[in-house]
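Subject: A structure for you, with notes on its cavities

Hi,

Here is the structure I said I would pass on. Have a look at it first, and then read on for what turned up.

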Amino acid sequence: MSTPALPALAAQMVAQGKGLLAIDESIGTCNRRFAALGIAQTVDRRRAWRDLIVTTPGLAESIGAIILNEETIGQTTVSGTPFATAVVEAGIVPGVKVDAGTIDLAGHAPERITEGLDELSGRLNGFVAMGARFAKWRGVITIDTGFPSRGCIEANAQTLARYAAVCQQVGVLPVVEPEVLMDGPHDLARCAAVTAAVLHAFFRHADEQGVVLEAMILKANMVLPGTTCPNQSDLATIADATVSTLRHAVPAAVPAITFLSGGQAGELASARLNAMNVRFRGRMPWELGFSFARAIQQPALAIWGGDDGQREASQHALAHRARCDRAARKGTYDPTMDSATFPRTVSAQ
């Protein structure tokens, strides 16, 4: 795929109020979530879970793209279909997480830098051969006393820009994820300031590296008070702080911003996205959507619990959360949507 074709792909991925579904958790992260629910931490159970997700009936009504991880894109579904092919057959665009995780940033530990630029071009070509049409890379920024440092922000911003440039060089749409973590006691203003600094740094480096902004998607954090901050702001305040920060830091040429959930409960993530789209409808230059992982998956995962007898009930819950997030994109989400009950019989684990 040529770079001129990538803006159309970006538009397709977020068309008609749809969003992205991230099922790209690392093996370690997925195993930890399984362990918390008593699910066996095996290749078979990870594959079964992701098979359940991509074969959910009606998922394409709300989801325009799915982010796979390296393990999953190399597997076949339970029926023997390559995962990327199964995603396409569901009417959804397949992509893959290509970063190699984080390590301590030399000279700035315990701050982190993301690895994986070495031989990225070749790896991307391999993923394209498997069916991937876009990629995702996550940088991690922590807020704490003295953090983040300028060195950490600049190193992660430059790495994200290099990743995006390499993707576009080989005809892959880059999803760029500079995540400012929610953990900590920081207030809303501190998160806004750090998020702005991170985004300004990335777009400065993107310009230096020749990244075509129309041919990327930004996966951003919402501007939120830290999880242990005593002042947890209301929906309107968070909506105003988030969109104001983005309007000052994200160029209009970027076609779409899709929020990560970052550990927020599904209902709360939907409500916050909804508030932004209600309050700023028609006043944003980019599509404002979602690229959630846990906020969509977690209720369904709890229902499934590793028991394939709960497959249908789990898929029902997954599709419901995705529909709620699509409604939030349109500004029509209502908390009463989540009062619906799912047909389930959760097995004992």
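The largest cavity is lined by E25, C30, R33, F34, W49, R50, R294, Q297, Q298 and L301. A cavity here is a set of points, on a 1 Å grid over the protein atoms alone, where a 1.4 Å probe fits but cannot get out, and lining residues have an atom within 4 Å of a point. Three elements each give two or more residues to this lining: α2 (27-36), α3 (43-54) and α11 (294-304). The largest share, four residues, comes from α11. (Helices, H or I and at least four residues, and strands, E and at least two, are DSSP runs numbered from the N terminus.)

Before going further, a word on the source: this is a predicted model, where local features need pLDDT of at least 70, side-chain atom pairs count only at pLDDT 80 or more, and totals for chains, interfaces and linings use all residues. Residues are numbered from 1 along each chain as its sequence is written, and side-chain values use heavy atoms, with hydrogens and water left out.

Back to that cavity. It holds about 60 Å³ of space, a volume being the space filled by probe spheres set on the points, which are joined across faces, edges and corners. By class, its lining has four nonpolar, two polar and four charged residues. (Ala, Val, Leu, Ile, Met, Phe, Trp, Tyr, Cys and Pro count as nonpolar, Asp, Glu, Lys and Arg as charged, and the others, Gly among them, as polar.)

How many cavities of 30 Å³ or more does a search of the whole structure find? Two. The second largest has about 40 Å³ of space, and G139, I141, I153, N156, A157, L160, P178 and V198 line it. Here β6 (134-141) and α7 (150-169) are the elements that give two or more residues, with the largest share, four residues, coming from α7. This lining divides into six nonpolar, two polar and no charged residues.

As for the chain overall, there are 12 helices and 10 strands. Its radius of gyration is 19 Å, close to the 20 Å from the globule rule for 349 residues, so the chain is as compact as a globular protein of that length. (That radius is taken over C-alpha atoms, and the rule is 2.2 Å times the number of residues to the power 0.38.) The C-alpha trace spans about 50 × 45 × 40 Å along its principal axes.

Cheers

Definitions and conventions
On a 1 Å grid over the protein atoms alone, a cavity is a set of points where a 1.4 Å probe fits but cannot get out, and a pocket is an open set with protein on both sides within 12 Å along at least five of seven lines; lining residues have an atom within 4 Å of a point.
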